[in-house]
Amino acid sequence: VINNPFIRPGATVAVFGVGGVGLNVVQGARLVSASRVIAVDLVAEKLEFSRRFGATDVIDASTADPVKAILEMTGGVDFAFDSFGSATTISQCVDSLRSNGTAVMVGLAPEGQKAPIDMVSLVRNQKHLMGSYYGSANPHETFDRMVDFYRQGRIDISGMITRRYPLSAINDAFDDLLSGKPGRGVIDYGLR
C-alpha cells in the first residue's frame, strides 16, 4: 500500500482476506490516511481482529455478497487489494471498484488459475488491475521505513502475534494457520 504511487490520503480501500498479509494491507491503508478501510473475509473472528489494525468496516463474505455490500457502502472503492489470491477474490476486487479505481493482487493464486473479469466494465469505467510482488518494494528502503514505523508506534507487529509454539508443536501451528485463526503464530525455539 505504502509503495503504491497512486494512493492518496482520503482514499477508500477494501481488503479481501485479512490473514497476516491482509492485516498488513489494512495497516498500510491506515498509514496513508485512507478514509475508509473495509475488511472482507469468510471468518468473523478475523474480521473483528482486523479492527485492531485499522479496519473501519467489515464484511463477512460467508453471509453477504461483498461486492454488493461495498457498492452500497461507498458506490465503489478507490483501491481493492486481494490479499488471498484466487480467481473469485480478484474478480470481486475489480467489481467493487469505482470508475478509475485500482485493484491490486497481492496474494498468489494457484499456478494457471485464470480470473473472469468483466472486460467491458474494465474499459468503460477505466479501472486498473495490477500485481504487487512482495509489496512492490525495494527491501533496503522499505525495511528501514517499516522498522521506523514500528519504533514510532505507527504499525503494530507485536499485536499480530497471537500464538507461540515450541518447535515440537509445529504441526499444531500449521493446523491453526489452515483453520483460519486470527493473527499469526510463531515458532519460538526457546519454548519447551
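Helices (H or I, at least four residues) and strands (E, at least two) are DSSP runs, numbered from the N terminus. The exercises below concern a predicted model, in which local features need pLDDT of at least 70, side-chain atom pairs count only at pLDDT 80 or more, and totals for chains, interfaces and linings use all residues. Residues are numbered from 1 along each chain as its sequence is written, and side-chain values use heavy atoms, with hydrogens and water left out.

**Exercise 1. Overall form**

Task: State the secondary structure of the protein, and determine why its radius of gyration agrees with that of a compact globule.

Solution. Begin with the elements: the protein has seven helices and eight strands. Next, take the rule, in which the radius of gyration is computed over C-alpha atoms and the globule value is 2.2 Å times the number of residues to the power 0.38. For 192 residues a compact globule would have a radius near 16 Å, and the protein has 17 Å, which agrees. Finally, consider the extent along the principal axes: the C-alpha atoms fill a box of roughly 60 × 35 × 30 Å.

**Exercise 2. Surface, burial and charge**

Task: Describe how much of the protein is buried, what its accessible surface consists of, and how its charged side chains are placed.

Solution. Burial is judged by relative accessible area: buried means under 20%, exposed over 50%, and partly exposed in between (1.4 Å probe, protein chains only). By this criterion, 43% of the 192 residues count as buried. The accessible surface (Shrake-Rupley method, 1.4 Å probe; for residues, only the protein chains shown count as cover) comes to about 10,700 Å², and 55% of this area belongs to carbon and sulfur atoms.

For the charges, Lys and Arg count as positive and Asp and Glu as negative, while His and the chain ends are not counted. The place of each charge is taken as NZ of Lys, CZ of Arg, CG of Asp or CD of Glu. There are 19 positive and 20 negative side chains, and the centres of the two sets lie 4 Å apart.

**Exercise 3. The nonpolar cores**

Task: Identify the residues that touch the most other members of the largest nonpolar core, and name the elements that give two or more residues to this core.

Solution. A nonpolar core is a set of buried Ala, Val, Leu, Ile, Met, Phe, Trp, Tyr and Cys residues joined through side-chain atoms within 4.5 Å. The largest such core has 21 residues, of which Val 13, Val 15, Val 18 and Val 26 touch the most other members. Two or more residues come from each of β1 (12-16), α1 (20-31), β2 (36-41), α2 (44-50) and β4 (77-82). Helix α1 gives the largest share, four residues. A second, separate core has 14 residues, including Ala 14, Ile 59, Ile 90 and Leu 97.

Contacts, meaning heavy atoms within 4.5 Å, show the surroundings of one core member. Leaving aside neighbours within four places in sequence, Val 15 is in contact with residues including Val 25, Val 26, Ile 38 and Phe 81.

**Exercise 4. A covered helix and a buried residue**

Task: Establish which residues of α4 are buried and whether Ile 70 is buried or exposed.

Solution. Helix α4 (residues 87-95) is mostly covered, with seven of its nine residues buried. These are Ala 87, Thr 89, Ile 90, Ser 91, Gln 92, Cys 93 and Val 94. They pack against β1, α3 (66-74), β4, β5, α5 (119-124) and β6 (128-131).

Turn now to helix α3, where Ile 70 is placed. Ile 70 counts as buried because its relative accessibility is 0%. Not counting residues up to four places away in sequence, Ile 70 touches Ala 14, Phe 16, Ile 38 and Ile 59, among others.

**Exercise 5. Loop residues and positive phi**

Task: Determine where Phe 84 is placed, where Ser 62 lies, and what sign phi has in Ser 33 and Asn 100.

Solution. Phe 84 is in the loop between β4 and α4; with a relative accessible area of 56%, Phe 84 is exposed. Its C-alpha is 8.0 Å from that of Gly 19, although the two residues are 65 apart in sequence.

Ser 62 lies in the loop between β3 (57-60) and α3. Ser 62 is partly exposed at 47%, and beyond its neighbours within four places in sequence it is in contact with Asp 41 and Leu 42.

Most residues other than glycine have a negative phi. Ser 33, in the loop between α1 and β2, has a positive phi near 65°. Asn 100, in strand β5 (residues 97-105), has a positive phi near 70°.
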